[in-house]
Amino acid sequence: MRHIYIDESGTSSRELVAVVAGVIIDVDKDYRGVVSSIERVKRHHLGDNYDRWFHAADIFAATGDFEKLSGWTRQERVIFIRDMIEVCNFHAIPVAVSWMHKDATVGIPTKNRNTYRHWSAFCACFVVVDKYIGNNFPNEHASIKAESCDHMKKYLDFALADVRRISPKPDSWIYQRQITNIVDDIQFLRKGQAPLLQLADAYSWGFRAYMTAHPHTDELYPALFASKDSPIPDRRSELIGTSILIPIFVPNPDASQLAT
């Protein structure tokens, strides 16, 4: 059984792209080790305050529960986010990503465009996850887990059901196949109930930073793509898209010791 922990980045109207990340976990094999690595990264950066729920946007901006990080440099905050993303590489965890630039207008209704873009990115993430599970673990099923908060439920309450009921359309960027491996409805969990949601938060923020050519992209790139020397094809010009990122290179030595 695979559990898919999903989160998104780019909900603000100021952001240029909506990104969804789904961290794909073999719970029997990887869960305990990954949770231990998440806690180790937080202890390293936060010391006695390690029990705070990781939220990349607040960490970078030094707001919310991380207001005291205002004394850190921007680079120190980015390194914290990078080290959390690096957990996926250390444990060789695949991550599904989907994105939609807010400049994309084809097929998008004029009413509630921002909501539609995020809904579309979530739907696309479900489809690419289901395809990955079906191609690589055809006898397994997967369940979706997301944070229980108003904006997540706004996009997700009907998204998975919508994807299931729509017939495949070969020319669609989302509905190219029937959902067969994802089972049940989405499980919404409160902060603290599902530590791996913190990885999805870190990855979605980091991937959005990459898609928008964030000033700290160079520091995040090795963690996002698990390679300093083998760059993947640049897809930042694509208005919409999906991908499965599977770590196949040696983890970043600057961060990997935190996951051990």
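A pocket, on a 1 Å grid over the protein atoms alone, is an open set of points where a 1.4 Å probe fits, with protein on both sides within 12 Å along at least five of seven lines; a lining residue has an atom within 4 Å of a point. A volume is the space filled by probe spheres set on the points, which are joined across faces, edges and corners. Rolling a probe the size of a water molecule over the atoms shows where empty space is left.

Before I use those terms, the ground rules. This is a predicted model, in which local features need pLDDT of at least 70 and side-chain atom pairs count only at pLDDT 80 or more, while totals for chains, interfaces and linings use all residues. Residues are numbered from 1 along each chain as its sequence is written, and side-chain values use heavy atoms, with hydrogens and water left out.

Now the chain. It has eight helices and six strands; these are DSSP runs numbered from the N terminus, with helices being H or I of at least four residues and strands being E of at least two. Read from the N terminus, the order is β-β-α-α-α-β-α-β-α-α-β-α-α-β. Of the 260 residues, 54% count as buried. Buried means under 20% relative accessible area, exposed means over 50%, and partly exposed is in between, with a 1.4 Å probe and protein chains only. The chain exposes about 12200 Å², and carbon and sulfur atoms supply 48% of that. Those areas come from the Shrake-Rupley method with a 1.4 Å probe, and for residues only the protein chains shown count as cover. As for contacts, meaning heavy atoms within 4.5 Å, take those with a separation of 6 or more: residues 24 or more positions apart account for 73% of them.

Back to the pocket. The largest one has a volume of about 410 Å³. It is lined by 25 residues, and the closest to its centre are Glu 8, Thr 11, His 55, Ala 57 and Asp 201. Which elements give two or more residues to the lining? They are β1 (2-9), α2 (56-61), α5 (150-156) and α7 (197-211). The largest share, six residues, comes from α7. By type, the lining divides into nine nonpolar, eight polar and eight charged residues. Here Ala, Val, Leu, Ile, Met, Phe, Trp, Tyr, Cys and Pro count as nonpolar, Asp, Glu, Lys and Arg as charged, and the others, Gly among them, as polar.

Helix α7 comes up again in the core. A nonpolar core is a set of buried Ala, Val, Leu, Ile, Met, Phe, Trp, Tyr and Cys residues joined through side-chain atoms within 4.5 Å. The largest has 49 residues, and Ile 81, Tyr 203 and Phe 207 touch the most other members. At least two residues each come from β2 (17-26), α1 (27-46), α2, α3 (74-90), β3 (95-101), α7 and α8 (217-225). The largest share of this core, ten residues, is from α7. Apart from it lies another core, of 33 residues, among them Trp 119, Phe 122, Tyr 155 and Leu 156. Leaving out residues up to four places away in sequence, Tyr 203 touches Ala 21, Ile 85, Cys 88, Val 95, Val 97, Ala 223, Leu 224 and Leu 245.

That brings us to α8. Why is α8 said to be largely enclosed by the rest of the structure? Because seven of its nine residues are buried. The buried residues of α8 pack against α3, α7 and β6 (240-245).

Two residues of α8 are worth a look on the screen. Ala 223 is buried, at 0% relative accessibility. With residues up to four places away left out, Ala 223 touches Arg 82, Ile 85, Glu 86, Asn 89 and Tyr 203. The C-alpha atoms of Ala 223 and Asn 89 are separated by 7.1 Å, at 134 residues apart along the chain. Glu 219 is partly exposed, at 25% relative accessibility. Neighbours within four places aside, Glu 219 is in contact with Gln 75, Val 78 and Arg 82.

Last, some backbone angles. Just after α8, Ala 226 takes a positive phi of about 60 degrees. Ala 62, in the loop between α2 and α3, has a phi near 55 degrees and is buried, with a relative accessible area of 10%. Ala 92, in the loop between α3 and β3, has a positive phi of about 55 degrees and is partly exposed, at 45% relative accessibility.
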